[in-house]
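Thanks for making time this morning. I would like to walk you through one model, and I will try to keep what I say to what can be read from its atoms.

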Amino acid sequence: MSDRMAVEAGVKAEIAKDLASPYSPHESLSGRTCLDGRPVDGFQGDIVELWSNLECPYCGIQEPLQAQRTHPDLCIVVRHIPSDEYGESLKKSLSYEALRTFSANAAHRFWDSVLPKTSLGIPVPYEAALQTALQDAAIAPEDFADALQDAAPLVSADIVAAQSRITSTPTWILEGIRFPACDFKAGEVPTALELARKVRSGDTLAKDEITQIITRGLLNESLL
């Protein structure tokens, strides 16, 4: 009980920090694209962030993709926080973003194939998956090399933005409120987004509910 109370107190403090800052995704995410390739600039609808590490076994792409397909008025923007724990983490992030410039489907298949599927977090070597993606999308090696160069500033910007703000993956940012360690199912994303919207409007009951969702996520319990 004391552990839970300590976690809750920390969650409340972080939510207060988030609410104290205005959230303008059209400005902070200008130039980015949604999971389905639509640009953030000019998007009419809800924009949310998904912070991931392609070596985090809880950072699967299938549920976010399903949420994106089911809700066309939603724009999910992937952001990267590669870890130093494994040498391939940064390479996977760069490769994913480079692949997206040619084919979103190829990039998503690459993500799904290289992500560890067990809680042990043992990464899968990505060379074969990358080679398959390049062949399937008919991407010339020299063109992919150029795309990697273009992806580097984007991933670097994410790494800088994540410092002292993103502490675990996956972390969703809904209405500017961070939901760390919350690996939402596709159908849970709109529910959490609606709660975040209510919190922004001053709903204290919704704030308490979000506090419990995040606490459960940090304690590795069922979210909703």
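I will begin with the sheet, then turn to the helix pairs, and finish with a few individual residues. Please keep in mind throughout that this is a predicted model.

Let me start with the sheet. It is an open sheet of 4 strands in the order 2-1-3-4, and the pairing within it is mixed. Strand 2, residues 74-80, and strand 4, residues 177-180, stand at the edges, and each has a single partner strand, so one side of each is left without a neighbour in the sheet. From one strand to the next, the twist averages 20°.

How do the neighbours of strand 1 run relative to it, parallel or antiparallel? As general background, strands of a sheet pair through backbone hydrogen bonds, in either the parallel or the antiparallel sense. Here, strand 1 and strand 2 run parallel and are joined by 7 bridges, and within that pairing V48 stands opposite I76 of strand 2. With strand 3, residues 171-174, the pairing of strand 1, residues 46-52, is antiparallel and extends over 3 bridges; there, E49 has I173 of strand 3 as its bridge partner.

One helix should be mentioned together with the sheet. Helix 7, which spans residues 141-162, packs on the sheet and touches both strand 1 and strand 2, and its direction makes about 85° with that of strand 2. As for how covered strand 1 is, 6 of its 7 residues are buried, and the strand is described as mostly covered.

Now to the helix pairs, of which I will show you two. In the pair formed by helix 5, residues 104-114, and helix 6, residues 127-136, the helices pack at an angle of about 160°, with their axes 10 Å apart. That angle makes helix 5 roughly antiparallel to helix 6, because angles over 145 degrees are counted that way. The crossing of helix 5 and helix 6 is right-handed. If you would like to find the contact on the screen, look for A106, R109, F110, S113 and V114 on the helix 5 side, and for A129, L130, A133 and D136 on the helix 6 side. Sorted by class, the contact of helix 5 with helix 6 has 6 nonpolar, 1 polar and 2 charged residues.

The other pair is helix 8, residues 188-200, with helix 9, and here the axes come within 8 Å and cross at roughly 135°. Helix 8 and helix 9 are therefore oblique to each other, and their crossing is left-handed. Helix 8 contributes L195, A196, K198 and V199 to the contact, while helix 9 contributes A206, K207, E209, I210 and I213. By class, this contact of helix 8 with helix 9 has 6 nonpolar, no polar and 3 charged residues.

Staying with helix 9, which covers residues 204-218, I would point you to T215, which lies in that helix. Is T215 buried or exposed? T215 is buried, at a relative accessible area of 0%. Setting aside neighbours within four places in sequence, T215 is in contact with R4, V7, E8 and V11.

Let me move next to the loop between helix 7 and strand 3, where we find S164, R165 and P170. S164 has a positive phi of about 65° although it is not a glycine, and at 78% relative accessibility S164 counts as exposed. R165, by contrast, is partly exposed, with a relative accessible area of 29%, and apart from neighbours within four places in sequence R165 is in contact with I173, G176 and R178. Further along, T169 and P170 are joined by a cis peptide bond, with omega at about -5°. For orientation between this loop and helix 9, R165 and T215 are 50 residues apart in sequence and 17 Å apart in space, C-alpha to C-alpha.

Finally, which residue in the segment after helix 9 should we look at? It is N220, a residue that is not a glycine and yet has a positive phi of about 60°. N220 is exposed, with a relative accessible area of 64%.

That is the tour, and I am glad to go back to any part of it.

Notes. Residues numbered from 1 in each chain as written. Predicted model: local features only at pLDDT ≥ 70, side-chain atom pairs only at ≥ 80, totals over all residues. Heavy atoms only, no water. Pairing = 2+ DSSP bridges. Axes fitted to C-alpha atoms, helices over the stretch in contact; angles between N-to-C directions. Contact = heavy atoms within 4.5 Å. Parallel < 35°, antiparallel > 145°, perpendicular 65-115°, else oblique. Left-handed = near helix turned anticlockwise from the far one by under 90°. Nonpolar A, V, L, I, M, F, W, Y, C, P; charged D, E, K, R; others polar. Buried < 20%, exposed > 50% of the residue type's maximum accessible area, 1.4 Å probe, protein only.
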